[in-house]
Amino acid sequence: MTNARLSGFDVRIIDFPFEGWEQERKLIDLGTGHLVRYGLDDAGSRARTEEFEPDVVGIQCICTVQWGNARALADLVKDIDRDIVTITGGTHSSGVRAWLRSGKGVARRGRPPAGPSVGEARERAYAPIMEGHEALRRRIRIWLVVFIVGLVLSGLTAFPLVTEIRWLDELLRSDGSPVPGQLPGLVEWVGRVREGLEATDAKYPFVLYGTDWLAFAHLVIAIAFYGPYRDPVRNIWVIEFGMIACAAIVPLALICGPIRGIPFNWQLIDMSFGLFGVIPLLIVRRMIKRLEAYELAA
């Protein structure tokens, strides 16, 4: 710009975002909010350009996600005067210079601009971001549905414990079952648990009220995961809470298991719930971080 002025050219810089910083327009609904464009609108951009009557207009495009706006501004300038030379620069323009030279990315001098309209240019520029955003959101929701279903099933099956343990014991001891011969300890333990639950249910049924609350807790936690299902980025803390809860299963089993007389092998089974539970949560958390990056890029 300095060299141009020293050579006698009249040069002006128009900072469209700064001059119209108070103007915001919603472009695309992201589900958790809108992609917002701020700065001078098309009418303001046209007025500032017509006021100066330039021969050459340089448009800076640093980020690929801004190419829609840069192309739209070039189209606007050509609509004012086809003889105005438009030049674009910046990281994106340098990266796709071969595409730009082909004429597909800019309007050529003296002829109508090839390609989409102003609005279509913006939409096409944001299309890859939106497609990746929506695909990632779908995958997050699928994983969360699987996790929520698991929690709901864990809760519902904690209500009819006496009936379930009776069915399990009868299945293990049924004719043709290989379990008694291969895992006699498991059959003995299940039988002991059945005896204890049936005795408790017969004489002290109110004790099982505690397992009803356990079942209810699983259902309540499942409801909490609707938060990240609806808005993953804002409610990522629910995922992190779930990861902490999964990690806490290990010390709980190791400390309370021996106190309650739970066999070590069964403690390992209990701890496996934490391991298998944290895996989908780690995957979901990673995807949410990627989703957050998409939204920040937009």
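These notebook entries record what I looked up in a predicted model.

**Entry 1: the pair H3 and H4**

I began with helix H3 (residues 42–52) and helix H4 (residues 67–80), whose axes lie 10 Å apart and pack at an angle of about 50°. That angle makes H3 oblique to H4. I noted the crossing of H3 past H4 as right-handed.

I then listed the residues in contact. From H3 they are Asp 42, Ser 45, Arg 46, Thr 49 and Glu 50, and from H4 they are Leu 73, Leu 76, Val 77, Asp 79 and Ile 80. By class, I recorded four nonpolar, two polar and four charged residues in this contact.

**Entry 2: nonpolar cores**

I looked up the largest nonpolar core, which has 19 residues. The members that touch the most others are Ile 140, Leu 144, Phe 225, Ile 239, Leu 281, Val 284 and Ile 288. Helix H7 (118–156), helix H13 (236–259) and helix H14 (264–297) are the elements that give two or more residues to this core.

I followed Val 284 further: leaving aside residues up to four places away in sequence, Val 284 touches Ile 140, Trp 143, Leu 144 and Ile 239.

I also found a second, separate core of 11 residues, with Phe 16, Cys 61, Trp 67 and Leu 73 among them. Leu 73 had already appeared in my list for H4, where H3 meets that helix.

**Entry 3: Thr 163**

I located Thr 163 in helix H8 (residues 161–172). Is Thr 163 buried, partly exposed or exposed? I entered Thr 163 as partly exposed, because its relative accessibility is 30%. Leu 197 is 34 residues from Thr 163 along the chain, and I noted a separation of 9.5 Å between their C-alpha atoms.

Notes:
Residues are numbered from 1 along each chain as its sequence is written. This is a predicted model: local features need pLDDT of at least 70, side-chain atom pairs count only at pLDDT 80 or more; totals for chains, interfaces and linings use all residues. Side-chain values use heavy atoms; hydrogens and water are left out. Axes are lines fitted to C-alpha atoms, for helices over the stretch in contact, and angles run from 0 to 180 degrees between N-to-C directions. Helices (H or I, at least four residues) and strands (E, at least two) are DSSP runs, numbered from the N terminus. Angles under 35 degrees count as roughly parallel, over 145 as roughly antiparallel, 65 to 115 as roughly perpendicular and the rest as oblique. A crossing is left-handed if the near helix is turned anticlockwise from the far one by less than a right angle, and right-handed if clockwise. Contact means heavy atoms within 4.5 Å. Ala, Val, Leu, Ile, Met, Phe, Trp, Tyr, Cys and Pro count as nonpolar, Asp, Glu, Lys and Arg as charged, and the others, Gly among them, as polar. Buried means under 20% relative accessible area, exposed over 50%, partly exposed in between (1.4 Å probe, protein chains only). A nonpolar core is a set of buried Ala, Val, Leu, Ile, Met, Phe, Trp, Tyr and Cys residues joined through side-chain atoms within 4.5 Å.
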